[in-house]
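Work through the following exercises with the coordinates open, and try each task before reading the solution beneath it.

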Amino acid sequence: MAQAASGAATDALVTRSPHAGITYKLQERPLGGLSKVTLRKLESFNAKTNADKLFVAPVSLKPGTRLVREWRGATHSVLVDSDGFEWNGELDSSLTLIAEKITGAHWSGPRFFGLRRLTGASSKSAESGHAEA
């Protein structure tokens with residue numbers, strides 16, 4: 001128990017110290033660095049983490065633009081207006097609200113209307129399970 005508390009205290013000191021990188025390098029020289037297996041695991045974790053954080057530029061739609069999407073055999077048309085989005089004679093403030101009304105589930109409006117692509121492994125399962133194009 002005392003050793004676990006000591007380890008936690010050491011971890012806290014290392015993460016808070018502005019010299020943590022220097023301290024690590026000083027230990028790495030005589031003791032050796034991380035194993036190749038550990039480095040590969042860290043790289044794999046880093047790649048997965050960063051893939052989820054890809055920046056997607058917001059889409060700018062001009063009034064008069066028409067978005068068309070087929071969902072479960074019905075074609076849905078949305079007209080971009082200066083005050084929002086018109087669908088079925090109603091004016092909504094966001095595409096997400098319209099996508100939710102069409103599907104009955106929460107969807108990203110820009111993603112539903114094809115303005116943004118899904119990324120990562122979850123994209124195939126989401127597209128095959130929900131969307132009909």
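**Exercise 1. Decide whether Phe-112 counts as buried or exposed, and describe its aromatic surroundings.**

Step 1. In this predicted model, Phe-112 has a relative accessibility of 1%, and because buried means under 20% relative accessible area, the residue counts as buried.

Step 2. Trp-107 and Phe-112 form an aromatic pair, edge-to-face, with 5.2 Å from centre to centre and 75 degrees between the planes. Trp-107 is itself buried, since its relative accessible area is 14% and the limit is 20%.

Step 3. Trp-107 also forms an edge-to-face pair with Trp-71, where the centres are 6.0 Å apart and the planes make an angle of 80 degrees. This second pair links distant parts of the chain, as Trp-71 belongs to strand β1 whereas Trp-107 lies in the loop between α4 and α5 (109-112), 36 residues apart.

Step 4. The structure holds four aromatic pairs, and Trp-71, Trp-107, Phe-112 and Phe-113 form one aromatic cluster. To complete the surroundings of Phe-112, Arg-69 lies over the face of this ring, at 4.3 Å from the ring centre.

**Exercise 2. Find which elements supply the largest nonpolar core, and which of them gives the most.**

Step 1. The largest nonpolar core has 13 residues, and those with the most contacts inside it are Val-78, Phe-85, Leu-95, Ile-98, Ile-102, Phe-112 and Phe-113.

Step 2. At least two residues of this core come from each of β1 (66-71), β2 (74-81), β3 (84-87) and α4 (95-103); the most is given by α4, with four residues.

Step 3. Take Leu-95 as a worked case: when its neighbours within four places in sequence are left aside, Leu-95 is in contact with Leu-61, Leu-67, Val-78, Phe-85, Gly-109, Pro-110, Phe-113 and Leu-115.

**Exercise 3. Trace how β3 pairs with β2 and with β4, and name the residues that stand opposite Glu-86.**

Step 1. On one side, β2 and β3 pair in the antiparallel sense over three bridges, and they form a hairpin with two residues between them.

Step 2. On the other pairing, β3 and strand β4 (residues 90-92) are likewise antiparallel, over three bridges. Their hairpin has two residues between the strands, and Asn-88 in the turn has a positive phi of about 55 degrees.

Step 3. Glu-86 in β3 is the bridge partner of Leu-79, and Glu-86 also stands opposite Leu-91 in β4.

**Exercise 4. Determine how many salt bridges there are and which residues they join into one network.**

Step 1. The count comes to two salt bridges. In one of them, Lys-101 pairs with Glu-90, with the closest N and O atoms 3.3 Å apart, and this pair links helix α4 to strand β4, eleven residues apart in the chain.

Step 2. In the other, Asp-92 forms a salt bridge with Lys-101, where the closest N and O atoms are 3.0 Å apart.

Step 3. Compare the accessibilities: Lys-101 is partly exposed, with a relative accessible area of 43%, and Glu-90 is partly exposed at 41%, whereas Asp-92 is buried, with a relative accessible area of 10%.

Step 4. The salt bridges share partners, and they join Glu-90, Asp-92 and Lys-101 into one network.

Methods. Residues numbered from 1 in each chain as written. Predicted model: local features only at pLDDT ≥ 70, side-chain atom pairs only at ≥ 80, totals over all residues. Heavy atoms only, no water. Core = buried A, V, L, I, M, F, W, Y, C linked by side-chain atoms within 4.5 Å. Buried < 20%, exposed > 50% of the residue type's maximum accessible area, 1.4 Å probe, protein only. Contact = heavy atoms within 4.5 Å. Phe/Tyr/Trp six-rings, centres within 6.5 Å; stacked < 30°, edge-to-face > 60°. Lys NZ or Arg CZ within 6 Å of the ring centre and 35° of its normal. Pairing = 2+ DSSP bridges. Salt bridge = Lys/Arg side-chain N within 4 Å of Asp/Glu carboxyl O.
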